[in-house]
Amino acid sequence: MTHRLLPDWITAYLTFTQGTEPPKTYHRWTAISVLAGALQRRVYMRWGHEVIYPNLYVILVGPSGRSRKGTAMKIGKSLLQEVKGVTQTSESITREALIRAMKSAVTNFSDGPDIRFQCAITCISPELSVFLGQRDIKFLSNLTDWYDSSDQWTYETKGAGIDSVQGVCFNLLGATAPDWIQSMLPQEAIGGGFTSRCIFIVEEDKGQVVAKEVLSKADLELRTTLKNDLEIIATVTGEMKFNADAELAYISWYENQEKSISENVMPVDDPRFSGYCERRATHVKKLSMVMSACRTNNKMITKEDFNNAVASMEEAEQKMAKAFGGLGRGKFSEITQIILDFIEKHQVVKRSILLRTFYRELDIPTLKMIEDMMEQMKTVKIVRNMVENEVTYYFLGKG
């Protein structure tokens with residue numbers, strides 16, 4: 001196996017992308033997803049009766065055009081495209097065509113004395129609504145099944161009976177605006193199933209303003225090194241394990257997490273993420289494998305790898321609830337979330353400013369109902385000045 005040049009692939013990737021506009025979290029999670037795509041099904045972790053693979057479902061969420069989701073993804077996609085043996089699929093593809101593409105992507109590799117087969121495929125979709133379609137329950141159900149990378153996945157073909165895919169491994173990096181989530185996902189899909197397997201990376205603005213991106217000679221050389229090391233990472237094969245310190249750290253983390261959940265203190269304080277919270281331990285094991293692979297080929301997960309996995313996940317969770325901000329059963333749930341986000345951003349807002357900003361979406365009766373809701377939620381303090389005929393909102397926090 002060729003010697004790797006980078007001590008930490010993700011850190012080097014963040015250096016390579018530092019002169020661009022997307023937020024750093026977008027770049028970090030694009031790098032994580034690219035690594036997961038390169039690892040495919042070649043590495044795994046045995047955990048009791050389970051076998052866990054490093055594929056991930058990562059979805060970047062942010063305003064269309066403003067947060068530079070597509071820019072972040074293009075950089076990672078171009079690197080992964082150059083890695084031999086890694087199959088990417090088009091984002092504009094039917095469910096049936098994707099199943100055929102997955103089956104056609106079959107490869108085999110040696111894992112010690114065993115020959116293993118995999119049908120591994122990565123989808124990098126800057127417009128997730130194009131990939132998922134509109135409330136396609138059957139496709140969402142398939143994606144839910146594929147997350148666990150079963151040894152054999154069977155499906156019914158038109159006129160040909162039952163067929164199967166051997167060694168499923170599907171890795172997804174998608175992007176969407178919050179308002180598009182309502183058109184893609186039916187209400188009943190939120191909380192469990194597909195969304196519980198997704199890690200949502202939410203940003204509301206670009207990371208920095210860069211009028212003109214410039215690639216120096218050093219940047220181009222770093223890109224070559226990133227690609228070469230990624231090709232080596234794509235050849236790593238076999239079982240990954242926690243070392244003794246990492247296993248103790250995981251056990252302590254898991255027990256503390258379960259204690260908190262039993263006391264109704266959730267990692268993401270939104271009931272729509274209850275399914276995600278229950279799957280959090282699986283997410284962290286998958287991420288731990290990626291963090292190990294970004295440093296070394298030895299397939300040993302250290303305490304540092306585990307801590308990096310937890311830190312990355314916890315950073316994402318701080319804003320994760322905003323992914324579904326406007327998706328609810330309440331009549332005014334979407335505009336309420338928009339107003340809350342605006343007040344949170346500015347901390348102190350006058351009603352006159354709010355109305356001038358949102359007069360197209362808002363009338364006075366609706367605003368009064370939203371004010372009552374925000375006061376009862378105790379997220380906003382409302383001060384009414386009768387003399388000046390003005391109302392001022394003070395953001396209190398999320399409790």
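In which helix is the place of M289? M289 has its place in helix 12, where helices (H or I, at least four residues) and strands (E, at least two) are DSSP runs numbered from the N terminus. This is a predicted model, in which local features need pLDDT of at least 70 and side-chain atom pairs count only at pLDDT 80 or more, while totals for chains, interfaces and linings use all residues. Residues are numbered from 1 along each chain as its sequence is written, and side-chain values use heavy atoms, with hydrogens and water left out.

The chain as a whole comes next. Its secondary structure comes to 16 helices and 16 strands. The C-alpha trace spans about 85 × 55 × 40 Å along its principal axes. A compact globule of 399 residues would have a radius of gyration near 21 Å, and the 23 Å of the chain agrees with this; the radius is taken over C-alpha atoms, and the globule rule is 2.2 Å times the number of residues to the power 0.38. Of the 399 residues, 51% are buried. Buried means under 20% relative accessible area, exposed means over 50%, and partly exposed lies in between (1.4 Å probe, protein chains only). The chain exposes about 19,000 Å², and carbon and sulfur atoms supply 50% of that area. Accessible areas come from the Shrake-Rupley method with a 1.4 Å probe, and for residues only the protein chains shown count as cover. Contact means heavy atoms within 4.5 Å. Among contacts between residues at least 6 apart in sequence, 75% join residues at least 24 apart.

M289 shows such burial at a single position. Its relative accessibility is 0%, so M289 counts as buried. Leaving aside residues up to four places away in sequence, M289 touches Y44, M45, I52, Y53, P54, M240 and I301. The C-alpha atoms of M289 and E96 are separated by 31 Å, and the two residues are 193 apart along the chain.

Helix 12 (280-293) also appears among the elements that cover the buried residues of helix 1, together with helix 2 (24-39), helix 3 (69-81) and helix 9 (217-233). Helix 1 (residues 9-16) is largely enclosed by the rest of the structure because six of its eight residues are buried. The buried ones are W9, I10, A12, Y13, L14 and F16. An α-helix has 3.6 residues a turn, so residues three or four places apart point the same way. At the N-terminal end of helix 1, D8 acts as a cap, with a side-chain oxygen 3.1 Å from the backbone nitrogen of I10. A polar contact is a pair of N or O atoms within 3.5 Å; within protein, one must be able to donate a hydrogen and the other to accept it, and residues adjacent in sequence count only if both atoms are side-chain atoms.

Two further buried residues touch R280. Q257 has its place in helix 10 (residues 244-262) and is buried, with a relative accessible area of 6%. Beyond residues up to four places away in sequence, Q257 touches C277 and R280. E317 lies in helix 13 (residues 303-320), and its relative accessible area of 7% makes it buried. With the sequence neighbours up to four places away again left out, E317 touches P267, V268, Y276 and R280.

The loops hold some backbone details. Most residues other than glycine have a negative phi, and most peptide bonds are trans. Q40, however, has a phi near 55°, a positive value in a residue other than glycine. Q40 lies in the loop between helix 2 and strand 1 (43-47) and is buried, at 6% relative accessible area. N264 also has a positive phi, near 65°. This residue is found in the loop between helix 10 and helix 11 (274-278), and N264 is exposed, with a relative accessible area of 63%. G207 lies in the loop between strand 10 (198-202) and helix 9. Not counting residues up to four places away in sequence, G207 touches E21, P22 and P23.

On the surface, V106, I115 and F117 make a nonpolar patch of about 260 Å². Patches are made of residues with over 30% relative accessible area and no salt bridge, with like charges joined within 9 Å and nonpolar side chains (Val, Leu, Ile, Met, Phe, Trp, Tyr) within 5 Å. A salt bridge is a side-chain nitrogen of Lys or Arg within 4 Å of a carboxyl oxygen of Asp or Glu. V106 lies in strand 5 (residues 106-111) and counts as partly exposed, at 42% relative accessibility.
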